[in-house]
Amino acid sequence: MSHTAGLPPKPDPRTGQPRPPRAPLEPEWKRAEKKRSGGENKAPQAPEGESPVLEWFYPARGQSFGIGLAISVIVFVFGVIRDSGFGWMTTWWLWLFIVPWPFITLLTGRNTRMSAGADWLRYGKNGFVGTYELTSVKVTTEGASRVLQLTDAAGRELSAQLNDLQRNRELWDLVYNGILHSVRGNGTETNKLARTFLDLDNPLRFRGE
């Protein structure tokens, strides 16, 4: 009997059907963000020789700039409160902690561009992995964020924040189904955080329920 018996089937590489069921989400998950018309041209394209793109996401420029602007405002207010006034504003180098943030978030926002096919994931400039051929699935923490680290049988590696992947929920469903099949069918190496945050110890997940 196949070790993957009972799991949701792998989607057809061309049609993407049947789509996998909903994958578990981060506890603090917010609403998935909408894809924009024409945005697929700005998202990472399918790797050479791989199946077509089924899902994709890239952040809007205005959204990235707005996040940076909000950070600048927070730092500005902190300076006012800390010095009980605006006297610090005459010190030019302190502005270096305020002004750059909108431009920094614009640049770093490019790294959250992602796309996925039926059996692969591409994230920013970090290359791609085959999601049904994973040899290692680990989750680590970086500050308040959780990072998914994937390695496939070809030795390709990819790291992405979990909450970034979940900004397009359908994309995350595709990736998660590949993770389930890899863990169940390939004996993929996992760590405790991966088993906890990806709900891999839940036997119902391995029965496609």
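1. Strand 5, residues 134-142, pairs with strand 8 in the parallel sense, and two bridges make up this pairing. In register, Ser-136 faces Glu-189 of strand 8, and Val-137 faces Thr-190 of that strand. The model is a predicted one, and the points below should be read as a description of that prediction.

2. The other pairing of strand 5 is with strand 6. These two strands run antiparallel and are joined by eight bridges. Val-139 stands opposite Leu-148 of strand 6. Strands 5 and 6 form a hairpin, with two residues between them. In the turn, Gly-143 has a positive phi of about 65°.

3. Taken as a whole, this sheet is open, has four strands in the order 7-6-5-8, and is mixed in its pairing. Strand 7 (157-161) and strand 8 (189-190) are the edge strands; each has a single partner strand, so one side of each has no neighbour in the sheet. In general terms, strands of a sheet pair through backbone hydrogen bonds, in either the parallel or the antiparallel sense.

4. Is Ser-136 buried or exposed? This residue of strand 5 has a relative accessibility of 11%, and because the cut-off for buried is under 20%, Ser-136 counts as buried. Leaving aside residues up to four places away in sequence, Ser-136 touches Gln-149, Leu-150 and Thr-151, and also Thr-188 and Glu-189.

5. Glu-189, in strand 8, is the residue opposite Ser-136. Its relative accessibility is 44%, so Glu-189 counts as partly exposed. With residues up to four places away in sequence left out, Glu-189 touches Thr-135, Ser-136, Val-137 and Lys-138. Glu-189 and Leu-150 are 39 residues apart in sequence, and their C-alpha atoms are 10.0 Å apart in space.

6. The second sheet to be described is also open and has four strands, in the order 1-2-3-4, with antiparallel pairing. At its edges stand strand 1 (55-57) and strand 4 (128-130), each with a single partner strand, so that one side of each is left without a neighbour in the sheet. On average, and with direction ignored, neighbouring strands of this sheet are turned by 10° against each other.

7. Within the 1-2-3-4 sheet, strand 2 (residues 114-116) pairs with strand 3 (residues 120-123) in the antiparallel sense, over three bridges. Ala-116 has Leu-121 of strand 3 as its bridge partner.

8. Which strands does helix 4 lie across? Helix 4, residues 169-186, lies across strand 5, strand 6 (145-152) and strand 8, and runs at about 120° to strand 5. Helix 4 also lies across strand 1, strand 2 and strand 3, at about 55° to strand 2. The helix thus has contacts with strands of the 7-6-5-8 sheet and of the 1-2-3-4 sheet.

9. Leu-171 lies in helix 4. With a relative accessibility of 0%, Leu-171 counts as buried. Residues up to four places away aside, Leu-171 touches Glu-55, Trp-56, Met-114, Ser-115, Ala-116, Leu-121 and Leu-165. Two of these, Ala-116 and Leu-121, are the bridge partners named under point 7. The C-alpha atoms of Leu-171 and Leu-54 are separated by 7.8 Å, although the two residues are 117 residues apart along the chain.

10. A pocket should also be noted. The second largest pocket holds about 190 Å³ of space. Its lining consists of Val-75, Phe-76, Phe-78, Gly-79, Arg-82, Asp-83, Trp-88, Leu-94, Phe-97 and Ile-98. By class, the lining residues divide into seven nonpolar, one polar and two charged.

11. For the chain overall, the secondary structure comes to five helices and eight strands. Along the sequence the pattern is β-α-α-β-β-β-β-β-β-α-α-β-α. Of the 209 residues, 41% count as buried. Among contacts with a separation of 6 or more, 65% are between residues 24 or more positions apart.

Key:
Residues numbered from 1 in each chain as written. Predicted model: local features only at pLDDT ≥ 70, side-chain atom pairs only at ≥ 80, totals over all residues. Heavy atoms only, no water. Pairing = 2+ DSSP bridges. Contact = heavy atoms within 4.5 Å. Axes fitted to C-alpha atoms, helices over the stretch in contact; angles between N-to-C directions. 1 Å grid on protein atoms, 1.4 Å probe; cavity = no way out; pocket = protein on both sides within 12 Å on 5 of 7 lines; lining within 4 Å. Points joined across faces, edges and corners; volume = space filled by probe spheres on them. Nonpolar A, V, L, I, M, F, W, Y, C, P; charged D, E, K, R; others polar. Buried < 20%, exposed > 50% of the residue type's maximum accessible area, 1.4 Å probe, protein only.
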